[in-house]
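Colleague: I have not looked at this one before, so could you walk me through it slowly?
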Amino acid sequence: PLRRKYFELLNGNLTLNGVNVPVFSVVPNQAAFPFVIIDTSSELPSEDKDTFGVEYIQSIDIVTGYVDGGYGGYADCDLIAGQVKNIVKPSKTTNVFDLGVDFTNIVTIFERGNNVIEQTDTHFIVRRILEFKHIIQEN
C-alpha cells in the first residue's frame, strides 16, 4: 500500500517551470525529461510481543536530462526534490500516509539524498535519489 500511496501523493503534484513532472514506476521508452520514478524499496521486519510491523525504505529517483552540457540539471533536481520532500514529509507532525484499515504509518523520516551524474551520447543526466524511511504497523 505504501508505493501506491506515493504514486497518489506525487502524481500530478510536481511541476517544473509550470509544467507537470510525470511520475512512473516503470519508465516508458520515450519518456521526456524530467520525470520521477517511484524506485526500489526495502523492508526489515520488526516484531515484538505487542506489535507486528515493518521498517520500510522507499527510494524516489528524480531524473533530469539536458543536451546542452547540463545547464539547469542540478537546480531543476533541487526544485523537484524540494517538492517531493514537502509532499512526503510536510512537517514534523503531519502524517500524509493514510494506509487504510490494515496498516498504520507510525513515522516518516527523510533518510538521505544522493546525486548521480551520467553522460550518454545524447544527454547529460542529473539524478537525485531520495530515501524515506517509514515505520509501519499492522493493525
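Modeller: Below we go from the whole chain to its helices, then to some loops and strands, and please keep in mind that this is a predicted model.

Colleague: Okay, how many helices and strands does the protein chain have?
Modeller: The protein chain has two helices and seven strands, and if you read along the sequence they follow the pattern α-β-β-β-β-β-α-β-β.

Colleague: And what box do the C-alpha atoms fill?
Modeller: Taken along the principal axes, the C-alpha atoms of the protein chain fill a box of roughly 55 × 25 × 25 Å. Of the 139 residues in the protein chain, 38% are buried, and the chain exposes about 8000 Å², with carbon and sulfur atoms supplying 51% of that area.

Colleague: What about contacts along the chain, how much comes from residues 24 or more positions apart?
Modeller: Among the contacts in the protein chain with a separation of 6 or more, residues 24 or more positions apart account for 60%.

Colleague: Switching to charges, how many are there of each sign?
Modeller: There are 11 positive and 18 negative charges in the protein chain, and the mean positions of the two groups are 5 Å apart.

Colleague: Now the helices. Which residues of helix 2 are buried?
Modeller: In helix 2 the buried residues are G73, D76, C77, I80, A81, V84, I87 and V88. Looking down the axis of helix 2, these buried residues fall within an arc of 130°, so they line one face of the helix. On the other side of helix 2, L79 and N86 are exposed.

Colleague: Why would residues spaced like that point the same way?
Modeller: In general, an α-helix has 3.6 residues a turn, so residues three or four places apart point the same way.

Colleague: What span should helix 2 have, given its residues?
Modeller: Helix 2 covers residues 73-88, which is 16 residues, and at 1.5 Å a residue it should span 22 Å; its end C-alpha atoms are 22 Å apart, so the span agrees with the expected value.

Colleague: And helix 1, which residues are buried there?
Modeller: Helix 1 runs over residues 2-10, and its buried residues are L2, K5, Y6, L9 and L10. Seen down the axis of helix 1, they fall within an arc of 120°, so they line one face of that helix. Just after helix 1 comes G12, which takes a positive phi of about 85°.

Colleague: Which residue other than glycine has a positive phi near 55°?
Modeller: That is N17, a residue other than glycine whose phi is positive and near 55°. The place of N17 is in the loop between strand 1 (15-16) and strand 2 (19-20), and N17 is exposed, with a relative accessible area of 71%.

Colleague: Which residues does the cis peptide bond join?
Modeller: The cis peptide bond joins F33 and P34, with omega at about -10°. P34 has its place in the loop between strand 3 (23-24) and strand 4 (35-47). As background for both of these features, most residues other than glycine have a negative phi, and most peptide bonds are trans.

Colleague: Let's stay with strand 4 for a moment, where does S42 fit in?
Modeller: S42 is found in strand 4 and is partly exposed, with a relative accessible area of 40%. Not counting residues up to four places away in sequence, S42 touches E55, Y56 and I57. For one of these, Y56, the C-alpha to C-alpha distance from S42 is 5.8 Å, although the two are 14 residues apart in sequence.

Colleague: And N20, what is it in contact with?
Modeller: N20 is found in strand 2, and leaving aside its neighbours within four places in sequence, N20 is in contact with G12, N13, L14 and T15. N20 is partly exposed, with a relative accessible area of 43%. The C-alpha atoms of N20 and E55, which are 35 residues apart along the chain, are separated by 31 Å.

Colleague: Last one, where is N95?
Modeller: N95 is found in the loop between helix 2 and strand 6 (103-119), and N95 is partly exposed, with a relative accessible area of 41%. N95 and L2 are 93 residues apart in sequence and 13 Å apart in space, C-alpha to C-alpha.

Notes:
Residues are numbered from 1 along each chain as its sequence is written. This is a predicted model: local features need pLDDT of at least 70, side-chain atom pairs count only at pLDDT 80 or more; totals for chains, interfaces and linings use all residues. Side-chain values use heavy atoms; hydrogens and water are left out. Helices (H or I, at least four residues) and strands (E, at least two) are DSSP runs, numbered from the N terminus. Buried means under 20% relative accessible area, exposed over 50%, partly exposed in between (1.4 Å probe, protein chains only). Contact means heavy atoms within 4.5 Å. Accessible areas come from the Shrake-Rupley method with a 1.4 Å probe; for residues, only the protein chains shown count as cover. Lys and Arg count as positive and Asp and Glu as negative; His and the chain ends are not counted. The place of a charge is taken as NZ of Lys, CZ of Arg, CG of Asp or CD of Glu. The expected span of a helix is 1.5 Å times one less than its number of residues. The arc is that of the directions from the helix axis to the C-beta atoms.
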